[in-house]
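Q: Please take a close look at a single part of this structure, and then at what surrounds it. I would like one connected account rather than a list.

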Amino acid sequence: MSHETKSFFWKFGLMLLVGAVIYFIPAPEGVDPRGMHMLGIFVATILGLILQPLPTPSVALIGLATAMITGAMDVKGGEALSGFSNSAVLLIVAAFFIADGFLLTGLGRRVALMFLTVLGKSPLGIAYGMAVTDLLLAPATPSNTARAGGVIYPIVRSVAEVQDSTPDTDESRRKLGSYLTFTAAHVNVITSAMFITAMAGNPLAVDAAAKLGVEISWGQWALAALVPGLVSLAAVPWLLMKIYPPTLKETPEAPAMARRDLKTMGSMTRGEIVMACTFVLLLLLWVFGTFLGVSATAAAFVGIAILLLTKVLTWDDMAKNASAWNTFIFFAVLVGMAENLNNLGVIDWIGSVVSGLVGGMPWVLAFAILALVYFYAHYMFASNTAQIVAMYGVFLGAAIAAGTPPMFAALALGFIGNLFGAITHYASGPSGVVYGSGYVKVSEWFKIAFIMSVAIIIIWTVVGSAWMWLLGSFAV
């Protein structure tokens with residue numbers, strides 16, 4: 001038996017063992033009898049995504065097939081396939097095709113070269129440039145996936161390819177692309193946490209807090225997040241440079257090279273002009289979509305339709321984008337599974353168990369436990385918004401009951417609802433886009449993202465708590 005075959009059997013065997021143990025645990029009170037079955041299949045699928053006995057989409061489809069055949073997910077009722085019609089999943093796929101438009105027309109290369117002329121002397125400088133861009137767009141872009149996938153990712157991808165860093169080989173991807181794309185994912189969770197309007201789930205958290213008697217204004221949220229957010233934006237690119245560095249350390253010749261290449265490219269082509277106009281339209285729809293009644297997903301597909309009509313993008317181009325379709329499969333499956341866990345009462349049960357455990361503790365300790373559980377419970381979710389809907393109100397209620405100052409608890413849990421968005425490659429739309437690019441491996445993601453999560457928690461706990469204390473958010 002070959003080493004590869006042995007590796008497959010032990011990985012798959014471990015998945016089956018862990019999944020079976022959870023599967024046969026009797027359902028607790030308040031949990032649908034199918035709940036533990038779904039949890040066992042979900043955990044086994046996640047384990048498979050980490051161990052990779054087969055490619056990611058294959059593992060996801062096997063998990064889905066198991067859920068359907070065991071009845072953990074109903075086929076006729078639409079549970080099993082619900083993720084494939086999820087608007088966030090479709091927006092992720094659309095982001096890949098928009099990025100294709102940037103790359104195929106050459107507009108992405110042109111924008112990348114313009115960035116390089118100003119910031120291109122080092123990968124760190126480029127990363128900070130992307131962070132500033134994300135921050136400027138964040139207050140007016142309610143879809144963090146649209147912002148990261150439709151705006152930042154095409155530029156980052158183009159900058160990497162200009163420096164001959166592609167996902168094709170480990171040597172090539174680690175040259176620059178891995179660092180820039182992974183940094184973009186972690187920057188996005190920070191900018192999303194800084195404004196109520198920077199992520200679709202934030203207004204839901206504000207609404208849930210209001211139902212518990214805590215009123216949070218746009219200004220209060222932004223002010224409370226300002227200092228820890230800026231400190232995090234300064235720290236994240238630097239820290240990733242230390243623990244996940246690109247092999248290309250300095251690019252002193254890049255600005256001069258970029259200027260030469262821009263001169264060689266000449267004037268914008270028809271395709272670039274169409275792509276640029278489409279992109280401006282997308283930005284306007286994403287920024288003002290709430291007022292116009294146009295969702296971020298609808299706007300993205302309008303953009304794709306324009307690119308197809310003008311033949312800037314063709315169906316063949318879209319069909320060849322294996323990354324987009326691979327991401328669609330695994331993300332749709334996980335989103336559907338996570339939604340089903342919530343519908344079957346598993347998430348509420350976990351929340352009630354944790355709430356019961358902290359009863360009688362000093363509020364500082366109780367809130368620390370609640371916050372950490374709330375953060376790392378996101379390993380079971382494929383959407384920030386899904387977890388906010390399922391758990392924010394439950395955990396905020398438990399925190400207030402334990403004596404935590406209501407405004408502090410509401411804001412802190414609101415921030416966490418964004419900050420966990422990069423702990424896995426399926427944790428959020430932006431993470432799905434970055435993983436789908438092929439620049440970051442699953443094993444790297446789980447290891448490095450966990451380290452980054454600890455760093456982010458420390459920054460927001462120390463700096464954020466001190467800042468909110470000064471602002472008076474600790475008033476009971």
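**The largest cavity and its surroundings**

A: The lining of the largest cavity divides into 8 nonpolar residues, 1 polar residue and no charged ones. The model is a predicted one. The residues that line this cavity are Ala148, Gly149, Ile152, Tyr153, Ala184, Ala185, Pro430, Val433 and Val434. Its volume is about 50 Å³. Three helices, α7, α9 and α21 (429-436), each supply at least two of the lining residues, and the largest share, 4 residues, comes from α7.

Two of these helices also pack against each other. Helix α7 (residues 144-162) and helix α9 (residues 177-194) have axes 10 Å apart, at an angle of about 155 degrees. Angles over 145 degrees count as roughly antiparallel, and α7 and α9 are therefore roughly antiparallel to each other. The crossing of α7 past α9 is right-handed. On the α7 side the contact is made by Asn144, Arg147, Ala148, Ile152, Val156, Val159 and Ala160; on the α9 side it is made by Gly177, Leu180, Thr181, Ala184, Asn188, Thr191 and Ser192. By class, the contact of α7 with α9 holds 7 nonpolar, 6 polar and 1 charged residues. Ala148, Ile152 and Ala184 belong both to this contact and to the lining of the largest cavity.

The search of the whole structure finds 3 cavities of 30 Å³ or more. The second largest has a volume of about 40 Å³. Its lining is made of Asn144, Ala185, Asn188, Val189, Ser192, Asn384, Asn418, Gly421, Ser428 and Pro430. Here α9 gives the largest share, 4 residues. Ala185 and Pro430 line both the largest and the second largest cavity. The make-up of the second lining is 3 nonpolar, 7 polar and no charged residues. Asn144, Asn188 and Ser192 are in this lining and also in the contact of α7 with α9.

Helices α7 and α21 turn up again in the largest pocket, where each supplies at least two lining residues, as do α4 (87-105), α13 (270-292), α14 (296-309), α16 (322-343) and α19 (384-401). About 660 Å³ of space lies in this pocket. Its lining has 34 residues, and those nearest its centre are Ser87, Ala88, Ala200, Ser383 and Thr385. The largest share, 6 residues, comes from α16. By class the lining of the largest pocket has 17 nonpolar, 16 polar and 1 charged residues.

The second largest pocket has about 410 Å³ of space. It is lined by 19 residues, with Phe367, Ala371, Phe408, Thr461 and Ser465 the closest to its centre. Helices α18 (363-376), α20 (406-419) and α22 (442-471) each supply at least two of its lining residues, and α18 gives the most, with 7. This lining divides into 17 nonpolar, 2 polar and no charged residues.

Another helix pair can be set beside α7 and α9. The axes of α5 (residues 107-119) and α12 (residues 254-265) come within 8 Å and cross at roughly 145 degrees. The crossing of α5 past α12 is left-handed. Its contact uses Arg109, Arg110, Leu113, Met114, Leu116 and Thr117 of α5, with Pro255, Ala258, Arg259, Asp261, Leu262 and Met265 of α12. The residues of that contact comprise 7 nonpolar, 1 polar and 4 charged.

Methods
Residues numbered from 1 in each chain as written. Predicted model: local features only at pLDDT ≥ 70, side-chain atom pairs only at ≥ 80, totals over all residues. Heavy atoms only, no water. Axes fitted to C-alpha atoms, helices over the stretch in contact; angles between N-to-C directions. Parallel < 35°, antiparallel > 145°, perpendicular 65-115°, else oblique. Left-handed = near helix turned anticlockwise from the far one by under 90°. Contact = heavy atoms within 4.5 Å. Nonpolar A, V, L, I, M, F, W, Y, C, P; charged D, E, K, R; others polar. 1 Å grid on protein atoms, 1.4 Å probe; cavity = no way out; pocket = protein on both sides within 12 Å on 5 of 7 lines; lining within 4 Å. Points joined across faces, edges and corners; volume = space filled by probe spheres on them.
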